[in-house]
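Colleague: I would like to learn how to read strands and loops in a model, step by step. Could we go through one together?

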Amino acid sequence: MSKLTLPKIRTFKREGRKIVVLTVYDYPSARLLDNAGVDLLLVGDSLGNVVQGKTTTLSVTLDEIIYHAEMVVRAVERSFVVVDLPFPFCQLGAAEAVRAAARIFKETSADAVKFEGGKNRASTITALVDAGIPVLGHCGIRPQEIRQTGGYFVQREKDREQLFQDIEAVEKAGAFAIVLECIETTLAQEATNLLQIPTIGIGAGPYCDGQVLVFHDLLGYKPEQDRTPKHVKQYADLRTMIFSAVRNYAEDVRTSAFPGKENSF
Ligand code: KIV
């Protein structure tokens, strides 16, 4: 399996080949996803939600994302690994963003960074690209701006003007692809037709050039009280499987059924 490179990814849209993206945060999971043929692995700051149990992504630090990204990159042979620039490194301007992204590159050997922001931060995207750091843009819902927006609201017709200004600015700034998060299907379809770079949808309908889901959402690996968002298709029920395996183990320990002869020396 040869490593996916940026020039190869750039051919996908032209060839009408959909891009498969999943988030991932650790070594064994990254090995599985790489072997399963996932194109892009995203070490997302959703780490804050699904691994750390926080309500937002805001507290994830650069050190934390580097810690997880290093494990992921080490596990991978083929997939292209993208690492989120955590809050506030997209917001602090070009010098801070380049410094943070350079640390990510040096300490993890990742392939690219993901950057939340539109027209107002396009110059920072250009600075990253000029520094030799490929950038995956991120428009639509931007979870790092949750304090400003007050919620995760789907982008609709009324948001059209701002959305198109943002995505066009991100493309012009040099991003190699763009995540569109929670955008009405018709708007995302229009964006996909308009842009030369691939769109990667999450809650943005079926017409994007690729799709991304959060690993834990895909697998149903989460506490029972966590709701499943509308945009998620859950392909497994790990919560039930883990719960039942652990209950069986506990029962075996309590009844001395484990360890058996086959597990003993
Ligand atoms: O942090 C993340 O996992 C993301 C994806 C949901 C696109 O930004």
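**Reading strand 2 and a loop residue**

Modeller: Gladly, and please keep in mind throughout that this is a predicted model.

Colleague: Which residues of strand 2 lie on one side and which on the other, and are they buried or exposed?

Modeller: In a regular strand the side chains alternate between the two faces of the sheet. In strand 2, which spans residues 40-43, Leu40 and Leu42 lie on one side while Leu41 and Val43 lie on the other, and all of them are buried, with both faces covered.

Colleague: How many bridges join strand 1 to strand 2, and do the strands run parallel or antiparallel?

Modeller: Strand 1, residues 19-23, runs parallel to strand 2 and is joined to it by three bridges, and in one of the pairings Val21 has Leu40 as its bridge partner. Between the two strands the chain passes through helix 2, residues 27-35, and this β-α-β crossover is right-handed.

Colleague: What stands opposite Val43 in strand 3?

Modeller: That residue is Val83, and strand 3, residues 80-84, pairs with strand 2 in the parallel sense over four bridges.

Colleague: Where is Val51, and why does Val51 count as partly exposed?

Modeller: Val51 sits in the loop between helix 3 and helix 4. Partly exposed covers the range between under 20%, which is buried, and over 50%, which is exposed, so Val51 counts as partly exposed because its relative accessibility is 42%.

Colleague: Which residues does Val51 touch, leaving out those up to four places away in sequence?

Modeller: Val51 touches Tyr25, Ser46, His68 and His216. Although Val51 and His216 are 165 residues apart in sequence, their C-alpha atoms are 8.8 Å apart in space.

Note on methods. Residues are numbered from 1 along each chain as its sequence is written. This is a predicted model: local features need pLDDT of at least 70, side-chain atom pairs count only at pLDDT 80 or more; totals for chains, interfaces and linings use all residues. Side-chain values use heavy atoms; hydrogens and water are left out. Buried means under 20% relative accessible area, exposed over 50%, partly exposed in between (1.4 Å probe, protein chains only). Two strands pair if DSSP finds at least two bridges between them. A crossover is right-handed if, with the strands pointing away from the viewer, the path from the first strand over the helix to the second runs clockwise. Contact means heavy atoms within 4.5 Å.
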